Amino acid sequence: FLAQGRYEIIRNYVPKVGSLGLDVLYRTSTVQVNLDFSSEVDMIKKFRASLALQPIATALFANSPFTEGKPNGYLSMRSQVWTDYDNNRTGMLPFVFDDSFGFEQYVDYALDVPMYFVYRKKKYIDCSGLSFRDFMSGKLSPIPGELATLNDWENHLATIYPEVRLKRYLEMRGADGGPWRSLCGLPAFWVGILYDEVSLQSVLDITADWTPEERQMLRNKAPKSGLKTPFRDGLLRHVAEEVVKLAKDGLERRGFKESGFLNEVAEVVRTGKLSQVY
């Protein structure tokens, strides 16, 4: 996997922009959920809801408290290492909550994320740190005159790693990899919220007045304190309890008998203990 040409380029570049990039490449495991949207308006609603809730997913599915066999002081070290990978291509994307946000604004953001590589003639060409905007104008120094293609753009989008990533779908990136007994709980959690209009709107209402600073605070603290993270007049656990209930309600309204997949997640909220590691 990491022997591929593209990863050699990434491996050489990431230590220049963050201290934990190699940990991301070699020492982490995640499970991601990809969900569709039906329109730009639908994308915006789902993007905002899932970004706001991503620290809750991190807390619910935390499963990396050990490094080299010893406690590392975190519930999700995987989530923590992403905070010092490369700030140009990670994070909570506060602009998603701007009134002007849409596909065009995400494209503008992605265009300004430094490149990793270009794939030509079955070879990966090192373009790390260069501008995709320059590429579109034929001004990339390693391949002068070469113009970007749609495939180049798709490759570039795959090298951006925010907590929720927009492609032709939305990718939830906040959870650790975990055991089989809780694996299906992750898509159940997100489907119950994002694929049910009532639950989705309820989440948007709950998170509507969360400030950018609060969202970032939850992102920063959830890897270490998880559901015990203080938030406003209570704990993140109290918000998680409400959100898991909304996810269950959403699944039940779908009518496919899926809500049982949330039992493990509900137990984590009820006990405050992470079933993956305790």
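Helices (H or I, at least four residues) and strands (E, at least two) are DSSP runs, numbered from the N terminus. The structure described here is a predicted model, in which local features need pLDDT of at least 70, side-chain atom pairs count only at pLDDT 80 or more, and totals for chains, interfaces and linings use all residues. Residues are numbered from 1 along each chain as its sequence is written, and side-chain values use heavy atoms, with hydrogens and water left out.

## Three loop residues

R168 is found in the loop between β8 and β9 (170-172). Is R168 buried or exposed? R168 counts as exposed, at 65% relative accessibility; buried means under 20% relative accessible area, exposed over 50%, and partly exposed in between (1.4 Å probe, protein chains only). Leaving aside residues up to four places away in sequence, R168 touches F37 and E154, where contact means heavy atoms within 4.5 Å. The side chains of R168 and E154 make a polar contact (2.9 Å). A polar contact is a pair of N or O atoms within 3.5 Å; within protein, one must be able to donate a hydrogen and the other to accept it, and residues adjacent in sequence count only if both atoms are side-chain atoms. R168 and D36 are 132 residues apart along the chain, and their C-alpha atoms are separated by 7.5 Å.

Two other loop residues, E68 and K121, have a positive phi although neither is a glycine. Most residues other than glycine have a negative phi. For E68 the value is about 55°, and this residue lies in the loop between β2 (66-67) and β3 (70-71). K121, with phi near 50°, is found in the loop between β5 (117-120) and β6 (123-126). E68 is exposed, with a relative accessible area of 70%, and K121 counts as exposed at 81%.

## Buried residues

The table lists three buried residues.

| Residue | Place | Relative accessible area |
|---|---|---|
| L93 | loop between β4 and α5 | 5% |
| D152 | helix α7 | 6% |
| T229 | loop between α11 and β10 (230-231) | 0% |

Which residues surround L93? Not counting residues up to four places away in sequence, L93 touches F47, L51, Y106, Y109, P162 and V164. Y106 and Y109 belong to helix α5 (residues 103-111), whose buried residues are Y106, Y109, A110 and L111. The cover over these buried residues includes α3 (40-60), β4 (90-91), α6 (132-136), α7 (150-157), β7 (161-162) and β8 (164-166).

With residues up to four places away again left out, D152 touches V118, Y119, R120, F132, F135 and L147. The side chain of D152 makes a polar contact with the side chain of R120 (2.7 Å).

T229 touches M217, L218, K221, A222, G234, L235 and L236, by the count that omits residues up to four places away in sequence. A polar atom of the T229 side chain lies 2.7 Å from the backbone oxygen of G226.

## Helix pairs

How do α3 and helix α11 (residues 212-225) pack? The angle between them is about 15° and their axes are 9 Å apart; axes are lines fitted to C-alpha atoms, for helices over the stretch in contact, and angles run from 0 to 180 degrees between N-to-C directions. The two helices are therefore roughly parallel to each other, since angles under 35 degrees count as roughly parallel, over 145 as roughly antiparallel, 65 to 115 as roughly perpendicular and the rest as oblique. A52, P55 and T58 in α3 meet R215, L218, R219, A222 and P223 in α11. These contact residues divide into five nonpolar, one polar and two charged. Here Ala, Val, Leu, Ile, Met, Phe, Trp, Tyr, Cys and Pro count as nonpolar, Asp, Glu, Lys and Arg as charged, and the others, Gly among them, as polar.

Helix α10 (residues 197-207) and helix α12 (residues 236-254) pack at about 160°, with axes 8 Å apart. That angle makes α10 roughly antiparallel to α12. On the α10 side, V198, S199, S202, V203 and I206 meet E242, L246, D249, G250 and R253 in α12. By class, this contact has four nonpolar, three polar and three charged residues.
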